[in-house]
Each structure stands twice: as structure tokens, then as C-alpha cells.
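Me: I want to learn how to read the contacts in a protein model. Can we go through one together?

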Amino acid sequence: MPDTRKITVTVNGQRHEAEVESRLLLADFLRHTLDLTGTHVGCEHGVCGACTVMVDGHSARSCLMFAVQANGKSITTIEGLAQADGKLSILQEAFQNNHGLQCGFCTPGMLITLSEHLRDNPDPTEAELREVLTGNLCRCTGYQAIVAAGLDAAAKLRASKAEHA
Amino acid sequence: MGMKFFGASVLRKEDPALLTGKGRYVDDVKLPGMLHAAFVRSTYAHARIKSIDTSAALALPGVVAVLTHDDLPEPMRSRRLPLYVPHPAIKQTFMPWVLAKDETCFAGEAIAIVIAQSRYLAEDGAALVEVDYDVLPASIDPREAIVDGAPLAQQGAVNNIVTQVPVKIGDTDKAFAQAAHVFREQFALHRGGPFFLECRGVVADWDAGTEQLTVHASSQGSHRFKRTFIDLLDLADNQVRVITNDVGGGFGPKGSFYVEYGALAAATMVVGKPVKWIEDRRENFVATQQERDQYWDMEVAVDENAKLLGLRGRLVHDGGAYVTWGLVLPWIAATSVIGPYVLPNYQLELIVAMTNKITCSPVRGAGRPQGCFVMERMMDRIAQELGLDRAEVRRRNFIQPDQFPYKVGLIFRDGRPVTYDSGDYPKSQQMALDHMDWENFRAKQEAALKQGRYIGIGLSNAVEGTGLGPYEGATIRISTSGKIVVFTGATPQGQSHKTTLAQIAADHLGVSYEDVSVVTADTATIPFGMGTFASRTAVNAGSSVHLAAIEVREKIKKIASELLEVSPDDLELKDGAVEVRGVPGMRKTFRELAYNAVGLYGFSMKADRDPGLEATSYFKPEQSTYANSCHVAEVEVDIETGHVKVTRVLVNHDCGNVINPMIVEGQIVGGVAHGVGNALFEKLLFDESGQPLTTSFADYLLPMATDVPHVETLHTETPSPLNPIGVKGAGEGGTIAVIAAIISAVEDALRPFNVRIAQMPVSPETIVQLVLDAKGRQ
Ligand code: FES
Ligand code: FES
């Protein structure tokens with residue numbers, strides 16, 4: 001008999017209860033149990049970063065976590081990044097404006113990694129962003145446009161913060 | 001018609017969905033009742049299969065079926081995969097069975113497919129299938145494989161030589177006899193694999209009632225897949241539909257039809273349910289085709305002024321176990337050697353070896369990086385030997401702008417003579433040198449050396465045959481809602497076709513590119529297609545969209561002129577309608593016109609009208625169009641650790657007219673990153689028995705954000721005369737010449753040690769060894 005557990009997870013603000021096999025990866029739970037297919041799986045061994053999601057405010061690789069480990073936690077995926085009215089977030093918009101994605105497969109991980117970094121480091125340098133992105137592989141863009149998007153978003157986020165201060 | 005969108009850096013139509021997690025990649029497809037598959041793969045590079053025991057797997061709860069070769073439906077069971085690029089010079093055409101029949105020829109070859117309720121269970125089942133093998137001797141190194149008496153890579157082969165063909169221009173021996181200088185170099189060139197972020201995958205769904213097979217695939221060409229399913233199963237055109245939605249990168253190897261896809265079709269037919277297979281990364285390392293190795297043993301002859309007289313030698317290409325790509329890859333390499341230079345005499349013995357490794361496929365650049373590397377390293381060698389500046393040697397050998405069209409004297413992979421259509425190579429190089437302040441680098445280098453830092457600069461030029469035939473097509477249809485859709489067989493994997501093709505159509509139809517939807521790679525929407533590879537889509541699909549849009553525009557004007565009783569010449573298209581120039585109220589919307597064009601039920605149609613507001617065009621280029629680039633790279637080498645930091649890369653690229661500069665820039669910068677990997681670290685390793693040693697991203701390194709410099713770009717625009725929109729391909733130009741430029745820069749940084757580098761990639765160990773050897777010599 002497969003070993004299953006009951007878990008409660010909040011994803012993008014919505015509570016989900018599910019009975020899952022204990023070996024089910026968090027990535028598969030999000031993608032195939034909850035049908036949130038925006039999170040991607042590129043290697044299943046923790047290197048590519050495509051599967052990165054936010055778990056209780058910290059980025060984590062959903063291919064290296066079991067769904068049961070997310071019990072009681074709050075998760076944000078790419079589907080939860082847009083503004084409340086459905087408009088693209090500042091970072092998402094910066095990705096479009098700077099051509100920060102081509103095939104789009106690395107994009108969910110890039111967005112989560114950068115969201116976390118910009119939240120904690122509002123004024124990053126190019127070198128710093130490149131360092132932060134070493135945990136996320138992209139085969140298409142050569143990273144340049146992703147870094148540009150990160151810098152662009154950081155500037156806009158600072159400006160919008162100043163405006164609201 | 002003014003060009004409003006063609007040439008503009010408009011934002012991508014693809015992005016909003018991809019940025020919010022609404023992309024539709026193959027693993028996002030979920031069909032009712034869908035089952036999941038996993039493969040049992042050969043653990044040996046070469047073996048005879050004695051028996052397969054599937055009983056334990058079948059006994060596992062959740063496993064629905066296990067298929068081996070004998071379980072495949074006919075006629076698939078008695079057919080190997082078809083070869084679509086035959087060539088008379090190919091003497092032995094081994095192609096794989098959908099599931100290995102009685103022999104496996106590389107470690108990773110599919111032997112059985114397990115179908116289960118979940119992917120987890122399918123993998124559990126696969127682990128329980130027992131294969132009893134007779135291990136056979138294997139040929140791994142292509143140079144050894146072609147020697148008499150080497151173990152045969154395939155039972156029944158005569159030897160391991162797939163083909164041995166001469167490539168020839170002029171009288172090389174005579175040229176060498178008269179040469180002032182002759183230099184020899186042996187090159188070991190490796191190009192790794194594609195390593196797109198999204199592994200391969202297929203969902204196959206056979207409807208036994210309608211006898212139709214629907215396949216969702218991560219591919220570079222859905223029509224090619226459809227054709228193979230038809231050929232493997234003897235199906236009629238209406239029985240197969242292949243759909244490719246979003247694709248997470250392709251870079252060449254996703255263009256191949258793989259045995260797994262055939263097995264998925266078999267699986268859904270046998271179990272009567274849709275079946276999904278998603279390759280995992282480990283499988284990707286052993287079962288997705290790779291470009292790997294070429295060994296060139298070459299001599300170059302020059303006169304006393306460093307002008308090329310001739311080039312000769314031998315190229316041994318590692319073709320892997322099957323000949324899927326025929327001669328394509330080494331042939332491109334052999335013809336790309338010439339680059340932008342006048343080479344009067346050339347002789348190459350090209351040998352494709354069969355080895356017990358996964359089949360070789362073109363990867364972004366497709367042999368051109370190797371050809372370019374050979375010529376550019378020779379240029380550097382000549383400069384070094386004759387005490388000349390590296391740029392000067394190239395300058396003396398360039399094809400001049402007044403020499404176009406320039407006939408190289410060879411036949412290209414498109415079957416046509418290599419005829420360069422346009423370009424300005426001396427200017428391209430000069431622009432690049434000026435930008436990088438080439439002349440003053442020596443002073444910087446000496447200053448750095450005084451501080452114990454080893455910096456270097458290198459350059460490289462390439463000419464790239466792009467826009468290969470035979471054709472790509474586009475249908476443009478305006479439906480009775482007035483909405484405009486472009487259908488094409490081109491199959492993007494990140495190249496932004498949905499934006500660029502819309503830009504082309506929009507200008508002719510007087511609408512915004514946002515009003516044009518582009519549907520790619522659904523075989524139900526357009527009968528023929530070739531797919532996206534070989535930097536061919538802007539040329540082929542782009543030209544087709546251009547031609548079809550003009551036809552639709554004329555149709556719109558014709559119908560409107562009849563309805564409005566004015567001359568078509570007085571009409572202009574604007575904002576989704578056509579109106580009489582200068583009379584704003586006199587107009588017909590696309591909606592009204594489309595409605596009219598469909599015809600009235602039961603009424604006769606005018607004889608000079610075809611139904612519907614639509615047109616189809618298949619652009620068939622008469623030959624490839626030749627793009628070019630000049631790359632300059634700067635590096636800093638740590639001679640203690642062998643670490644190379646690429647500090648600057650400049651690309652001066654000419655891809656003719658540019659549809660969307662932002663997108664072209666993205667292609668070039670991304671291409672450079674790929675080349676950085678090829679130059680410095682991407683290497684697939686095998687042990688002597690053929691076991692792959694690099695099977696994860698921990699063993700095989702892809703370039704990270706810190707490995708790639710900020711790439712600078714310049715653009716020259718020499719419009720192609722060979723297609724109506726004047727474009728050349730842009731997908732591979734970033735990659736091709738950068739590898740040679742980086743290696744040239746590394747060699748330059750190590751000038752104090754006088755080392756020569758004739759390999760790619762060059763690893764830190766190699767650099768440390770080269771320096772140690774040099775120190776030993778000194
Ligand atoms: S899929 Fe998780 S890191 Fe690659
Ligand atoms: S956009 Fe394709 S992998 Fe990053």
C-alpha cells in the first residue's frame with residue numbers, strides 16, 4: 001500500500017487539503033495535483049532552478065522537497081506573482097520590456113529568485129544579480145536580458161516605494 | 001505600404017502568458033484517463049539482448065502494460081525509423097528500431113516501455129524489468145572505430161565507416177608544392193549537447209473509434225513528426241495530428257524524431273488510453289542526440305604575403321550509433337571552413353564514423369563552429385608564424401564586397417553551390433576592431449602582465465548559410481469575426497515567431513501586430529511544414545507570411561472595390577477595415593468583407609473568386625542566404641587554476657534586414673552564452689566501454705550568469721537579395737564564431753608561454769597543463 005499523508009498547504013493565498021503519497025515531490029504536487037503548471041521541472045536534481053518557488057517567504061527548489069514537507073506552509077508560485085487586478089507585476093513587466101525570456105521555461109524560477117532578492121536587496125548591482133542567478137540556468141537568453149530586467153525592476157520598485165512613502 | 005512594425009522592437013506577444021505561468025508545454029497537457037510511461041534502457045553501449053523478463057513489472061499494482069519490440073503493432077514492428085536525409089555517399093544506413101529488437105548500440109537505447117497509472121509507478125515498473133544481455137565489444141572513439149579490425153558498432157556492418165567522401169576545390173597538391181609556408185594542426189573539437197531546459201516529451205492519444213492519433217510533442221517541427229508516424233504505421237493523412245505548443249528550447253536535437261515517440265504511439269494504441277512520457281534529465285543525457293566530436297588533421301599553405309593558397313586534411317566525425325542526420329552535420333562543417341576568405345584550393349577527406357554512442361545531431365551552429373574554428377585557428381597560426389597581426393592576416397584574405405555573388409566552389413547542404421549572396425566582411429571586421437580598440441590592446445596587455453595578470457584578446461569571422469529550404473508555408477485567414485490568424489508549420493522554441501510573423505503580416509493588412517494571432521506547429525491547420533531549425537524561419541516562414549499577406553490584401557481590395565464601386569487603387573487598409581482614400585465614411589470592415597467572401601448559402605459564387613478571405617503561400621528559397629559575423633573576445637586567465645574569465649565579447653552581426661532588433665539581439669546574446677559553454681566547459685564524457693560519465697548538471701556544466709560577460713553588439717545590415725523581405729537567419733550567428741574568438745583570446749593571454757590551443761572546450765586542467773609544459777620547455 002502506498003504510504004500517504006494528509007497535508008494542508010496554502011498556495012498563492014489559497015488553502016488546499018490533500019492526501020498525498022509521501023514520496024510525491026512538491027513540484028509534482030503543484031503541477032499535477034493542483035494543476036499549477038507554471039512551475040517547471042528542468043532537472044529534478046536541484047541544479048537548474050526552474051522549479052524554484054517561495055516557501056514561507058524563502059525561495060526553495062520544489063524538486064528537492066516532498067509535498068509532505070510543505071505541510072502547514074505557505075507557497076508562492078509564478079501564478080501568484082501578478083498584481084491583485086491581474087496586471088503583470090513590476091518584475092514581470094520588466095521581463096517583458098527587456099526581453100528577459102525566450103522559451104520561457106526557466107522563467108518561473110528566475111522570477112521567484114529575483115522577487116526574493118529584490119525584496120531583501122532593493123538596490124542591487126549587476127554583478128550581484130549575476131551571482132544570485134547562478135542558481136538558475138537559462139539556455140536561451142545568455143542571462144543578460146534577465147539581469148537587465150532585474151535592474152530595471154529594482155529601479156521601478158524603488159521609485160514606487162518612494163512615491164508611496 | 002509603410003513599414004510600421006517590420007523593423008520595430010515591439011514587445012513579444014508570447015510573454016504575458018509565459019510570465020504568469022499560463023504557458024502550455026507538453027508536460028502541462030492533461031487528458032482524461034491519461035497514463036504515464038517510462039523506458040527501460042540499455043545499460044551497455046553494445047549488447048545482444050538474450051531475453052527480457054517483464055513479469056515482475058507487470059505484477060506491480062498500477063502497471064498497465066509493458067511493451068518490448070515483439071509487442072509493437074505492425075507495421076511498426078517490422079520497420080526501422082525512416083531516414084529523411086539520404087545521400088548517395090552514405091554506404092551504411094543503420095536506423096534504429098522503435099524498441100531495440102535484439103541488439104542495443106548505445107547505453108541508453110530504449111528496450112521496453114512501461115505504462116502505468118503514474119509516472120512514479122511507471123519508473124518503479126521499469127526498474128523491475130530484467131534484461132539479459134550478451135555484452136558485445138564496442139567502438140567508442142571515432143578515430144579508432146574507423147581502423148580495420150575495430151569492433152563493429154552494429155552487427156552486420158561491413159565496418160564502422162558510414163561514409164567517406166572527398167571535398168575538393170582546385171588543385172590542392174599543386175598549391176602546396178608552390179607554397180612559401182605550410183603549417184599543420186590537429187584539432188579535437190567537441191560540442192556537447194543541446195541541453196534545453198525543458199526535456200523532451202510526448203502525449204499520444206489514439207482514438208480507436210475514429211482511428212486517429214493525436215500527439216502533443218515538444219518539437220522543432222510537428223509536420224516532420226506527423227510524417228514519421230504516418231510512415232511507421234501506414235496511416236492516412238487524416239489519421240495523424242501533431243500539435244506543438246510552447247517548447248522550452250530546442251537548439252537542433254528536438255527536431256529529430258526519436259524512437260520514444262514511436263513507442264508512445266504504440267503504447268496508446270495497445271492500452272487504448274492517452275499516454276504521456278516526459279524525459280527526465282538523466283535520460284536526456286543518454287537518449288537525446290548530441291553533437292560531440294570532430295577530429296580534424298589539417299595543413300594550410302600560404303604564400304610569402306600570408307595569402308591562403310590551400311587547405312587540406314582529414315575530418316573524422318563521430319556520427320554515433322545511427323545515421324539519422326546522414327551527412328548533414330559534417331558536410332556543413334566541411335563547407336563552413338571557408339568562411340569569409342578566398343580559398344582557391346581545398347581538399348578534405350570527410351569520414352563519418354559509426355560508434356556506440358547516442359546518435360549525433362546538429363546543435364545550434366551545426367558544425368559551423370567547428371569549421372570556423374579550424375580556419376580561424378589557422379589564421380592565428382599564420383599570424384604567429386609570420387609575425388603578423390592576426391587581424392591583418394584576415395584582412396589580406398577577405399572576399400571583397402565587389403566579389404558578390406561569390407562562388408566558393410563547393411556544394412552546400414542545401415544541394416546548391418555555395419554562393420555567398422551578399423556581405424561586407426572587411427568592413428564587418430574593421431567595425432569590430434575599432435569598437436574594441438584592437439590596436440591598443442597590446443599596451444594594456446603588457447601593463448597587466450607587469451601586475452602578473454594574463455589578459456588576451458581574440459577575433460574570429462564566420463559566414464553562415466541560413467534560411468535553408470525546401471520551404472515553409474503560411475496561411476493567413478480572416479474569419480467572419482474580422483479576426484486575423486496566421487497558420488504556419490514553423491515551430492518556435494523561444495524564437496518569438498508569434499511576434500515577428502505578426503509584425504510582417506500587420507504592415508500589409510493595416511492593423512497592429514497585436515491584432516494578428518499566429519498559430520504554429522499544429523498539423524491540422526496547414527498541410528505542409530518543415531519546422532524551425534537551421535536559422536530558417538525568418539527567411540522561409542517570414543517570406544511566406546509576407547507573400548500571403550499581400551495576397552489577402554489584394555483580395556480585400558478587390559471585394560471592397562466591387563462593394564463600394566470604386567477602383568482598388570483608391571482603397572487603403574486601416575484599422576481592420578478598408579476605406580476609400582480621403583473619404584473616411586466609405587469603408588468596409590474586414591468582418592463585412594470576410595462575411596461576403598465566404599459566400600451565401602445556396603447562391604452562386606462569382607467565377608473569379610475563391611472562397612474565404614484567405615491566402616496560402618509556400619516560400620521556396622532558391623538557395624541559402626549567407627549571414628556573417630565578426631566576434632572579438634577578451635579574457636583573463638588565471639594560470640595557477642586555469643580559470644578563464646571572459647571579460648568582453650563583441651559581436652558584429654549581419655543578418656540582413658531585421659524584423660525585430662530586440663529579438664535578434666536576444667538571439668545573438670543567447671548564442672554567445674552557448675558558445676562560451678562550448679569554448680570552456682561543456683563536455684560529454686564516456687568511459688572506454690561507452691558508459692556515459694556526464695549524466696547530470698553536476699557533471700556537465702552549463703554556463704551560468706557569472707560565466708557569461710555582458711555581450712556588446714553591432715549590426716551591419718546587408719539585405720539578402722534572395723527573399724522578398726531581405727532577411728537572413730539570426731538564430732545561430734551568436735554561437736558560431738565566438739568559440740574560436742575566446743580560444744584565440746586565451747592563447748593570446750598565454751603569449752608569454754607561447755602555447756597553441758587546437759581544441760574545444762579548453763578546460764582549466766588543460767590550461768594548467770599547457771602552462772606547465774611551456775614552463776618545462778623554457
Ligand atoms: S528541477 Fe528543480 S532544480 Fe532543476
Ligand atoms: S528562456 Fe529558455 S531557458 Fe531561459
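Me: How much area do chain B and chain A bury between them?
Reply: Start with the general idea. Interface size is often given as the accessible area lost when the parts come together. This model is predicted. Here, chain B and chain A bury about 4,100 Å² between them. Carbon and sulfur atoms make up 56% of that area. On the side of chain B, Leu19(B), Tyr120(B) and Leu197(B) lose the most area to chain A. Together they give 20% of what that side buries.

Me: How many residues does each chain bring to the contact?
Reply: Chain B brings 56 residues, and chain A brings 46 residues.

Me: How many salt bridges cross this interface of chain B and chain A?
Reply: Look for a Lys or Arg nitrogen within 4 Å of an Asp or Glu carboxyl oxygen. The rule finds six between chain B and chain A. One of them can be checked by eye: Asp35(A) and Lys30(B) meet through their side chains, with 2.8 Å from N to O. Polar contacts are counted as well, and there are 28 residue pairs between the two chains, both residues at pLDDT 80 or more.

Me: Which helix gives the most to the side of chain B that touches chain A?
Reply: Helices H1 (15–19), H3 (119–128) and H17 (661–680) of chain B each give two or more residues. H17(B) gives the most, with eight residues. By class, that side of chain B has 27 nonpolar, 15 polar and 14 charged residues.

Me: Now inside one chain. What area is buried between domain 1 and domain 2 of chain B?
Reply: Use the idea of lost area again. The answer is about 1,200 Å², and carbon and sulfur atoms give 67% of it. In domain 1 of chain B, Ser535(B), Ala538(B) and Val539(B) lose the most area to domain 2, together 34% of what that side buries. Between these two domains the rule finds zero salt bridges. Two residue pairs are in polar contact there, both residues at pLDDT 80 or more. Helices H14 (497–509) and H15 (537–564) of chain B each supply at least two residues of the domain 1 side. H15(B) has the largest share, six residues. That side counts seven nonpolar, ten polar and no charged residues.

Me: One last feature. In what sense do strands S16 and S17 of chain B pair?
Reply: First, a general point: side chains in a regular strand alternate between the two faces of the sheet. S16 (residues 406–411) and S17 (residues 417–420) of chain B pair in the antiparallel sense, over three bridges. Tyr406(B) stands opposite Tyr420(B) in S17(B). The two strands form a hairpin with five residues between them. In the turn, Gly415(B) has a positive phi of about 85 degrees.

How values were computed: Residues are numbered from 1 along each chain as its sequence is written. Chains are lettered from A and ligands numbered from 1 in the order in which they are written. This is a predicted model: local features need pLDDT of at least 70, side-chain atom pairs count only at pLDDT 80 or more; totals for chains, interfaces and linings use all residues. Side-chain values use heavy atoms; hydrogens and water are left out. Contact means heavy atoms within 4.5 Å. Buried area is the accessible area (1.4 Å probe) that two parts lose on being put together, summed over both. A polar contact is a pair of N or O atoms within 3.5 Å; within protein, one must be able to donate a hydrogen and the other to accept it, and residues adjacent in sequence count only if both atoms are side-chain atoms. Helices (H or I, at least four residues) and strands (E, at least two) are DSSP runs, numbered from the N terminus. Ala, Val, Leu, Ile, Met, Phe, Trp, Tyr, Cys and Pro count as nonpolar, Asp, Glu, Lys and Arg as charged, and the others, Gly among them, as polar. Two strands pair if DSSP finds at least two bridges between them.
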